Amino acid sequence: MKLPEPVVEFLYEPPVAPTLWPRRVFHLVAGSTLPLGILFLPLDLAEWLLIAGSLGAVLLEVLRGLVGGVNDWMVRTLPFFKAAESRQVTGATFMWLAATFLVFVFEKEIAVLALLFLSVGDPFAALIGVRDHRTRRFGKSLAGTTAFVVAALGAGLLATLHPDVPLVWWLVPGAIVAALAELAPVPLDDNLTVPLVSAGVMALLAMV
């Protein structure tokens, strides 16, 4: 009589989704152009470009909602759409709106840092977190949140090489708060909540 073979359990790590890399690279490159534009362009010009970009993004969302063919073509053709974004506002539009709000409400260095935390921290959190199945909170991993903080701090420190962004102590809590805002289970898009919450906390700490 043949004994049954022992059952061996393996920890299976699913591969990164095909759309994850293009989306995260796009998020990193395109998202970073907003804070870098604020940093290196004349502020008046950056403000006008952000207004124009936000209006264009909103008009495109309206067009997607009114003309199904346009929406279907974009979802099929562009590799960085989330599945849920096929029928809702994209994260890119929220990022434009957040950047426009930040540059008019907060000091330049705070707006730049908050947007860099998002554009650099979020892609690293996704790429690292998707491989960590051990400790998860609200569907996200501790490794991903840690990667967010490290990447955000690195981007913030690089930004301080520019004379308009001083090296300040509240850069560290700003990056940590940005990571916690990305982790929090709130219904709003994190392209909106992460930079706004982080900028608000840094602005308060800057007054101490």
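## Overall architecture

The chain contains 8 helices and 2 strands. The model described here is predicted. In sequence order, the elements follow the pattern α-α-α-α-α-β-β-α-α-α, with the two strands placed between helix 5 and helix 6.

Of the 208 residues in the chain, 44% count as buried. The exposed surface of the chain amounts to about 11800 Å², and carbon and sulfur atoms account for 73% of that area. Among contacts between residues at least 6 apart in sequence, 72% link residues at least 24 apart.

## The nonpolar core

In soluble globular proteins, nonpolar side chains tend to be buried together. In this chain, the largest nonpolar core comprises 36 residues. The residues with the most contacts inside this core are L102, L113, F117, F148 and M202. Two or more core residues come from each of helix 1 (20-40), helix 4 (91-105), helix 5 (108-129), helix 6 (142-159), helix 7 (171-183) and helix 8 (190-206). Helix 5 gives the most, with 11 residues.

F148 is one of the core residues with the most contacts. Leaving aside residues up to four places away in sequence, F148 touches F117, G121, D122, A125, A175, A178, A179, E182 and V194. F117, among these partners, also belongs to the group with the most contacts inside the core.

## Packing of helix 4 against helix 5

Helix 4 and helix 5 pack at an angle of about 160°, and their axes lie 9 Å apart. Angles over 145 degrees count as roughly antiparallel, and helix 4 and helix 5 are therefore roughly antiparallel to each other. Their crossing is right-handed.

On the helix 4 side, the contact is made by M95, A99, L102 and V103. Helix 5 contributes A111, A114, L115 and L118. L102, in this contact, is also one of the residues with the most contacts inside the largest nonpolar core.

## Packing of helix 2 against helix 4

Helix 2 (residues 43-66) packs against helix 4 at an angle of about 150°, with the two axes 9 Å apart. Helix 2 and helix 4 are therefore also roughly antiparallel to each other. Helix 2 passes helix 4 in a left-handed crossing, whereas the crossing of helix 4 and helix 5 is right-handed.

The helix 2 residues in this contact are L43, E47, L49, L50, I51, G53, S54, A57, V58 and E61. Those of helix 4 are T93, W96, L97, A99, T100, V103 and F104. Of the helix 4 residues named here, A99 and V103 also take part in the contact with helix 5.

## Two buried positions

A152 is located in helix 6. This residue counts as buried because its relative accessibility is 0%, below the 20% cut-off. Residues up to four places away in sequence aside, A152 touches F117, G121 and A175. F117, G121 and A175 are also among the residues touched by F148. A152 and L171 are 19 residues apart in sequence, and their C-alpha atoms are 9.5 Å apart in space.

G129 lies in helix 5. With a relative accessibility of 6%, G129 likewise counts as buried. G129 and K140 are separated by 11 residues in sequence and by 6.8 Å in space, C-alpha to C-alpha.

Key: Residues numbered from 1 in each chain as written. Predicted model: local features only at pLDDT ≥ 70, side-chain atom pairs only at ≥ 80, totals over all residues. Heavy atoms only, no water. Core = buried A, V, L, I, M, F, W, Y, C linked by side-chain atoms within 4.5 Å. Buried < 20%, exposed > 50% of the residue type's maximum accessible area, 1.4 Å probe, protein only. Contact = heavy atoms within 4.5 Å. Areas by Shrake-Rupley, 256 points an atom, 1.4 Å probe, with all protein chains shown as cover. Axes fitted to C-alpha atoms, helices over the stretch in contact; angles between N-to-C directions. Parallel < 35°, antiparallel > 145°, perpendicular 65-115°, else oblique. Left-handed = near helix turned anticlockwise from the far one by under 90°.
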